[in-house]
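Colleague: Please take me through this model one feature at a time, and show me how each is read.

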Amino acid sequence: MTDTTTYTPPKVWTWDKASGGRFANINRPIAGATHDKELPIGKHPLQLYSLATPNGVKVTIMLEELLAAGHKGAEYDAWLIRINEGDQFASGFVAVNPNSKIPALMDRSGAIPVRVFESGSILVYLAEKFGNAFLPASGAARAEVMNWLFWQMGSAPYLGGGFGHFYAYAPTKIEYAIDRFAMETKRQLDVLDRRLAESRYLGGDAYSIADIAVWPWYGTLARGQIYGESGTFLDVQSYKNVQRWTEEIGARPAVKRGRMVNRAVGPLEEQLRERHDAGDFATRTQDKLEAGKASAS
């Protein structure tokens, strides 16, 4: 349905919880903690607190790629943060990320723990920590990777908070809003398609953190795996170069593993809600945990 009601903004906006739609229970116009709760700490220096949204998947893919490349220091503990239940507003999480958004990382490898928040910042931090892994050290090649990394950081809000929200989550279907953000999303897909027509990867010939950042958003969209029927609505199959790139990256073993970490929806065999060792992919996916509970009862 199309909302044709004329809305006149008040002189001073006030918060109305009832207008929040699907996310009314967690959306609020102020920052800070709502309750006291410390974060768990595992055995590895890198502690990740996240959920397998596109922004969270960026970091788990990066960590799995680092491990696949032989960087043993990239072993990590991944703890599930249920954002729909408000875990991101606990005092411990706010201490790591005052913006109360996933993902958040604590690096405890040094004398003084280092907090890192915002997914793009985490990708750069990890790349530099492990000898500029998946990030050229300098020059034009580094600049091109950074161009596309920051393109994603600036563009994805139009896809997620704009198109995805009004197409899939808003309590009413507003034609103007859906048309506005569908147009922008298709423009962005065209930007990617044109770039990938001239280059194997976004940064050039080498796979990089630019691909790791963009794929969880736009690759998932190109596969028709987010926002219901949005893939058909946006005719994602017409972006042939994006499709080629999407399939190539999606086939990488580290990407497949990264998508499973902190996942709490979908097929149980693809959910590794917490990850503490590499062996967890074989022994602690949700289907195995629930089968174990059933046999014990």
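**Reading the features**

Modeller: Let us start with a single residue: Asp235 has a relative accessibility of 42%, and it therefore counts as partly exposed, between the limits of 20% and 50%. Keep in mind throughout that this is a predicted model.

Colleague: Where is Asp235 placed, and what is its phi?

Modeller: Asp235 lies in the loop between α7 (230–233) and α8. Its phi is near 55°, a positive value in a residue other than glycine. Ser100 can be read in the same manner: its phi is likewise near 55° and positive, again in a residue other than glycine, and it belongs to the loop between α2 and β3. Ser100, however, has a relative accessibility of 6% and therefore counts as buried.

Colleague: Which residues does the cis peptide bond join?

Modeller: For a peptide bond the angle to look at is omega, and here the bond between Ile102 and Pro103 is cis, with omega at about 0°. Pro103 sits in the loop between α2 (91–96) and β3 (104–107), the loop that also holds Ser100.

Colleague: Turning to the whole protein, how many helices and strands does it have, and what does its radius of gyration tell me?

Modeller: The secondary structure amounts to 11 helices and 4 strands. The radius of gyration is read against what a compact globule of 297 residues would have, which is near 19 Å, and the 20 Å of this protein agrees with that. The C-alpha trace extends over about 60 × 50 × 45 Å along its principal axes, and 46% of the 297 residues count as buried. Among the contacts with a separation of 6 or more, 65% are made by residues 24 or more positions apart.

Colleague: What share of the accessible surface belongs to carbon and sulfur atoms, and how far apart are the mean positions of the positive and negative charges?

Modeller: The accessible surface comes to about 14700 Å², and carbon and sulfur atoms hold 55% of that. As for the charges, there are 34 positive and 33 negative ones, and their mean positions lie 2 Å apart.

Colleague: How many salt bridges are counted, and which parts of the chain does the one between Arg257 and Glu64 link?

Modeller: The count comes to 14 salt bridges, and for each pair one asks how close the N and O atoms come and where the partners sit. In the bridge between Arg257 and Glu64, the closest N and O atoms are 3.1 Å apart. This pair links distant parts of the chain, since Arg257 is in helix α9 (residues 253–260) and Glu64 in helix α1 (residues 54–68), 193 residues away. The two partners can also be compared by burial: Arg257, at 25% relative accessibility, counts as partly exposed, whereas Glu64, at 3%, counts as buried. Both belong to a network of salt bridges that links Glu64, Glu75, Arg257 and Arg275.

Colleague: And what about Arg252 and Glu65, how far apart are their closest N and O atoms?

Modeller: They are 2.8 Å apart in that salt bridge. Here too distant parts of the chain are linked, with Arg252 in the loop between α8 (240–250) and α9, and Glu65 in helix α1, 187 residues apart. Arg252 is partly exposed, with a relative accessible area of 25%, while Glu65 is buried, with 4%.

Colleague: Why are Arg244 and Glu248 separated by about one helical turn?

Modeller: Because they are 4 residues apart in helix α8. They too form a salt bridge, with the closest N and O atoms 3.8 Å apart; Arg244 is partly exposed at 32% relative accessible area, and so is Glu248 at 24%.

Colleague: Is Trp215 buried or exposed, and which residues is it in contact with?

Modeller: Trp215, placed in helix α6 (residues 209–222), has a relative accessible area of 1% and is therefore buried. Leaving aside neighbours within four places in sequence, its contacts include Ile61, Trp245, Ile249, Val255 and Arg259.

Colleague: Which residues of α9 are buried, and what covers them?

Modeller: The buried residues of α9 are Ala254, Val255, Gly258 and Met260, and their cover includes α1, α6, α8 and α10 (280–283). After α9 comes Asn262, whose phi is positive, near 60°.

Technical notes: Residues numbered from 1 in each chain as written. Predicted model: local features only at pLDDT ≥ 70, side-chain atom pairs only at ≥ 80, totals over all residues. Heavy atoms only, no water. Helix = DSSP H or I, 4+ residues; strand = E, 2+ residues; numbered from the N terminus. Rg over C-alpha atoms; globule rule 2.2 N^0.38 Å. Buried < 20%, exposed > 50% of the residue type's maximum accessible area, 1.4 Å probe, protein only. Contact = heavy atoms within 4.5 Å. Areas by Shrake-Rupley, 256 points an atom, 1.4 Å probe, with all protein chains shown as cover. Lys, Arg positive; Asp, Glu negative; His and termini not counted. Charge placed at Lys NZ, Arg CZ, Asp CG, Glu CD. Salt bridge = Lys/Arg side-chain N within 4 Å of Asp/Glu carboxyl O.
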